[in-house]
Amino acid sequence: MMKRIVFTDLRRAQKKKSFLICLSVIFLLMVIVTVFAIIKPSDLASYPDTKETSGKALMFLNNISIALAMAPFLVGIPVFQAVFSDDFKSRTMQTAIGHGISRRRLVLARFYEVIALLIEAHLIFSVIAVIIALVLGATMGGIGIMIGKLWFDGLLILANIAIAMLILYMSQNPTGGLVMYILLAADAFRLLLAMADMIPFLKNNGIKLSNALPGGVHTIAKNYLFGYVPSLSDVSDIGSEIEEGSAEALQKILEGTFNVDFLKAFLYTAILVGVFIILPLILSQVVFRKKELEF
C-alpha cells in the first residue's frame, strides 16, 4: 500500500504543470547559456592553468553558475508545489490513513517523492550540461566540478523543503509551507541576521548568527569542499592518470580526501543533513501525528 501511494503520487506530481514548466525552463536556460558561450567565448590567455579545453567550454562552465543560483527557485518551488499543493485538498491522505498507513509513513512518503523529483530534475540538468560541455570541448575536471556543485546545491534545496514541510504540517496549509520555502531560498532570514551580526559584541567575538541557518552552513561547507579543489588542469590530469592506471592518481585522491578543508566540508555537510533535513523531518512526523486533519 505504501509503495503504491508513493508511485501513484509521484506519477501525479510528474504530470503537474509546475514541474513540467520547471523542466522546460531548465532546458531553455541551458540553451541560452550555450548560445552565449558560443557567441562570446572566454579568452584562454586569462586561464593559463587550463589544458585541452576551449574558450567556449570555459564560458559555458563559468556561466552555468547562473543556472545553479536560480535552481532553488526554478527547481525547488515547482517540486514543492507538485508534491504538496493538493495534499490537504484531496482525500488521498484520508484514504491512506483509513487503510492503515500511519501518518509517520505518509510524511516519509512525501519526503521520498520530493527526493525523487529533485533527483529527476538534477539528472536531466546534469545530462544536458555534460553533453553540451563535452561538445564545446570542456575537460573532465571542469565538468566534474560543475556537476559536483549542482548536486551539492541540491542538498540546500532539500534542507529548505524539509523545514518548509514542518511549517506545512504544523499549519496544514501548503501556502504557509511554500512561503517558508521561498523565504529560505531567498536567504531572507540570513539577511536579517546579517544585520544582527554587526552588533559589537557578536562582531568582536567573530560570532555570525547568519551562519546558523541552512544557507550559511551550506555556504561554509561548499567553500571548504570546492575551495580546496585543485585547478581544472590538475583534476583533468588525475582523470588521465586513472585511465592510464597510474598509482600516483590514487595517492593524489587519498591526499585530497584527508585534506583538512575536505574534513571540515564533511563536518558542515553532516550538520546540514542532520540538523536541517533529518531533524525537521522527524519533527514533521511528531507534529502531524498529534494534529487532527482539517479538511
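Mentor: Let's start with a term. On a 1 Å grid over the protein atoms alone, a cavity is a set of points where a 1.4 Å probe fits but cannot get out, and its lining residues have an atom within 4 Å of a point. For volumes, grid points are joined across faces, edges and corners, and the volume is the space filled by probe spheres set on the points. Before we go on, bear in mind that this is a predicted model, where local features need pLDDT of at least 70, side-chain atom pairs count only at pLDDT 80 or more, and totals for chains, interfaces and linings use all residues. Residues are numbered from 1 along each chain as its sequence is written, and side-chain values use heavy atoms, with hydrogens and water left out.

Trainee: Okay, so how many cavities of 30 Å³ or more does the count come to?

Mentor: Two, by that rule. The largest has a volume of about 70 Å³, while the second largest holds about 50 Å³ of space.

Trainee: Which residues line the largest cavity?

Mentor: Among them are Ile26, Leu29, Ala67, Leu74, His122 and Phe125. To place them we use helices, which are DSSP runs (H or I, at least four residues) numbered from the N terminus. Helix 2, helix 3 and helix 5 each give this lining at least two residues, and the largest share, four residues, comes from helix 3. You can also sort a lining by class: Ala, Val, Leu, Ile, Met, Phe, Trp, Tyr, Cys and Pro count as nonpolar, Asp, Glu, Lys and Arg as charged, and the others, Gly among them, as polar. Here that gives nine nonpolar, one polar and no charged residues.

Trainee: And by class, what does the lining of the second largest cavity have?

Mentor: Seven nonpolar, two polar and two charged residues. Asp187 and Arg190 are among the residues that line this cavity, along with others including Leu156, Asn160 and Phe189. Helix 6, helix 7, helix 8 (188-196) and helix 10 are the elements that give two or more residues to it, and helix 8 gives the most, with three.

Trainee: Let's turn to the nonpolar core. Which residues touch the most other members of the largest one?

Mentor: First the idea: a nonpolar core is a set of buried Ala, Val, Leu, Ile, Met, Phe, Trp, Tyr and Cys residues joined through side-chain atoms within 4.5 Å. Buried means under 20% relative accessible area, exposed means over 50%, and partly exposed is in between (1.4 Å probe, protein chains only). The largest core here has 64 residues, and Met30, Phe60, Phe84, Phe125 and Ile161 touch the most other members. Several helices supply at least two of its residues each, including helix 1 (2-14), helix 2 (17-39) and helix 13 (260-290). Helix 3 gives the most, with 15 residues. Apart from this core lies another, of six residues, among them Ile145, Phe152, Leu225 and Ala265.

Trainee: What does Phe84 touch?

Mentor: Contact means heavy atoms within 4.5 Å. Leaving out residues up to four places away in sequence, Phe84 touches Arg110, Val114, Ile161, Met165, Leu168, Tyr169 and Pro174.

Trainee: Arg110 has a charge class, so to speak. With which residue does Arg110 form a salt bridge?

Mentor: A salt bridge is a side-chain nitrogen of Lys or Arg within 4 Å of a carboxyl oxygen of Asp or Glu. The count comes to three. Arg110 pairs with Glu113, their closest N and O atoms being 3.3 Å apart. Both lie in helix 5, three residues apart, about one turn of the helix. Arg110 is buried at 2% relative accessible area, and Glu113 is buried at 0%.

Trainee: Where in the chain are Lys222 and Asp153?

Mentor: Lys222 is in helix 10 (residues 214-227) and Asp153 in helix 6, so this pair links distant parts of the chain, 69 residues apart. Their salt bridge has its closest N and O atoms 3.0 Å apart. Asp153 is buried, with a relative accessible area of 12%.

Trainee: That leaves Asp187. What is its phi near?

Mentor: Near 60°, a positive value in a residue other than glycine. Asp187 sits in the loop between helix 7 and helix 8 and is partly exposed, with a relative accessible area of 27%. Asp187 also forms a salt bridge with Arg190, the closest N and O atoms being 3.4 Å apart. Gln172 has a positive phi too, of about 55°. Gln172 is in the loop between helix 6 and helix 7, and is buried at 8% relative accessible area.

Notes. 1 Å grid on protein atoms, 1.4 Å probe; cavity = no way out; pocket = protein on both sides within 12 Å on 5 of 7 lines; lining within 4 Å.
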